[in-house]
Structure formats: C-alpha cells, structure tokens
Amino acid sequence: MSGAERGDRERRETLDRFGEAVNMTAGELEKWLETDESQAVGQKNGGGESTGHASGRRIVELLRAKKGDLGDDDLAHMRKVTGYVHRHLGQRPGGDVTDTAWRYSLMNWGHDPKK
C-alpha cells in the first residue's frame with residue numbers, strides 16, 4: 001500500500017470514528033453550548049472557557065465543513081474528540097445520568113449518551 005493510500009485510509013477511518021462518536025448535529029451542539037449547564041462543566045484553564053466547551057465550538061465548525069476542506073489539524077482534533085468520548089463513556093456513573101456533569105461534559109464534546 002502506498003503512502004497516499006494509507007493516508008486516504010487513515011483519513012476515512014478518522015472521519016468514520018468521529019461520525020460514530022459525535023452523535024449531535026451542529027445545530028444541537030451549538031444550542032447546547034449556549035446553556036448554563038454546558039458552561040458550568042469541564043476543566044477551565046485560568047478560569048475562562050473549559051477545554052470541552054472550546055472543543056464543542058470547534059466540533060460545530062468541523063460538522064459544518066466540507067469533508068474535502070478538512071486539514072491535518074482538523075483531523076487531529078477529530079481523533080482527540082473520538083478518544084475523549086470513548087474514554088469518558090468508560091467512566092459512566094451508575095443510575096440516571098440525565099442531569100449529571102458526566103453527561104454534560106460529554107455533550108460539550110458532541111456526544112449525548114441519552115440519544
């Protein structure tokens with residue numbers, strides 16, 4: 001397999017995995033990011049916006065972008081999102097997760113576990 005073919009396969013795999021991990025539409029995520037619940041969760045560097053909230057804004061852009069316009073930085077962020085979602089899903093708390101920081105944090109990263 002040539003380097004170009006391997007690169008194409010890795011790109012498709014990244015897009016597929018991102019599509020599986022992110023189950024919210026750009027519109028749903030954008031609306032969610034405006035809520036107090038969204039802004040209240042996550043690690044904040046220096047008291048500003050949380051890492052997950054900033055990632056959510058980037059995910060909205062990625063969801064709206066044409067696949068052919070996505071660059072290496074975009075694909076790297078997609079892999080970061082996919083990894084975060086999979087790790088966080090493995091930490092699911094017991095009981096009803098509807099109004100939990102765990103769910104809200106995942107939603108900032110584009111995944112609603114209640115869907």
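Which residues in helix 2 meet which residues in helix 4? Keep that question in mind while opening the model, which is a predicted one, and begin the tour at this pair of helices.

**Stop 1: helix 2 against helix 4**

Select A26, G27, L29, E30 and L33 in helix 2, and then add H53, G56, R57, I59, V60, L63 and R64 in helix 4, since these are the two sets of residues that meet. By class, the residues of this contact divide into six nonpolar, three polar and three charged. If you draw the two axes, you will find that those of helix 2 and helix 4 come within 9 Å and cross at roughly 155°. Because angles over 145 degrees count as roughly antiparallel, that crossing makes helix 2 roughly antiparallel to helix 4. The handedness can be checked in the same view, where helix 2 passes helix 4 in a left-handed crossing.

**Stop 2: the E30 and R64 pair**

Stay with this contact and show the side chains of E30 and R64, which meet in a salt bridge at 3.1 Å, N to O. E30 belongs to helix 2 (residues 26-33) and R64 to helix 4 (residues 51-64), so the pair ties together parts that are 34 residues apart in sequence. With a relative accessible area of 34%, E30 is partly exposed. This salt bridge is one of seven that the structure holds, and two others are visited later in the tour.

**Stop 3: helix 4 against helix 5**

Next, keep helix 4 on display and bring in helix 5. The axes of helix 4 and helix 5 come within 11 Å and cross at roughly 125°, which makes helix 4 oblique to helix 5. To see the contact itself, select S55, R58, I59 and L62 of helix 4 together with D73, D74, H77, M78 and V81 of helix 5. The residues of this contact divide into four nonpolar, two polar and three charged, and the crossing of the two helices is left-handed. I59 deserves a label here, as it is listed in the contact with helix 2 and also in the contact with helix 5.

While helix 5 is on screen, pick K80, which is found in this helix and is partly exposed, with a relative accessible area of 45%. A distance drawn from K80 to G27, C-alpha to C-alpha, comes to 21 Å, for two residues that are 53 apart in sequence.

**Stop 4: helix 6 and what covers it**

Is helix 6 mostly covered or mostly open? Select the helix and colour its residues by accessibility: helix 6 is mostly covered, with seven of its eight residues buried. The buried residues are W102, R103, Y104, S105, L106, M107 and N108. Switching on the surroundings shows what covers them, which includes helix 2, helix 3 (36-40), helix 4 and helix 5. Moving on past the end of helix 6, stop at G110, whose phi is positive, near 90°.

**Stop 5: the segment after helix 6**

Continue to D112, which is found in the segment after helix 6 and is buried, with a relative accessible area of 10%. Once its neighbours within four places in sequence are left aside, D112 is in contact with N23, M24, R103 and M107. R103 and M107 are also among the buried residues of helix 6.

From there go to K114, which forms a salt bridge with D96, the closest N and O atoms being 3.6 Å apart. The pair links distant parts of the chain, 18 residues apart, with K114 in the segment after helix 6 (101-108) and D96 in the loop between helix 5 (72-89) and helix 6. K114 is partly exposed at a relative accessible area of 45%, whereas D96 counts as exposed at 59% relative accessibility.

**Stop 6: a salt bridge within helix 1**

For the last stop, select R9 and E13, whose closest N and O atoms lie 3.4 Å apart in a salt bridge. Both residues belong to helix 1 (residues 3-21), where they are four residues apart, about one turn of the helix. An α-helix has 3.6 residues a turn, so residues three or four places apart point the same way. In accessibility, R9 is partly exposed, with a relative accessible area of 30%, and E13 counts as partly exposed at 31%.

How values were computed:
Residues numbered from 1 in each chain as written. Predicted model: local features only at pLDDT ≥ 70, side-chain atom pairs only at ≥ 80, totals over all residues. Heavy atoms only, no water. Salt bridge = Lys/Arg side-chain N within 4 Å of Asp/Glu carboxyl O. Buried < 20%, exposed > 50% of the residue type's maximum accessible area, 1.4 Å probe, protein only. Contact = heavy atoms within 4.5 Å. Axes fitted to C-alpha atoms, helices over the stretch in contact; angles between N-to-C directions. Parallel < 35°, antiparallel > 145°, perpendicular 65-115°, else oblique. Left-handed = near helix turned anticlockwise from the far one by under 90°. Nonpolar A, V, L, I, M, F, W, Y, C, P; charged D, E, K, R; others polar.
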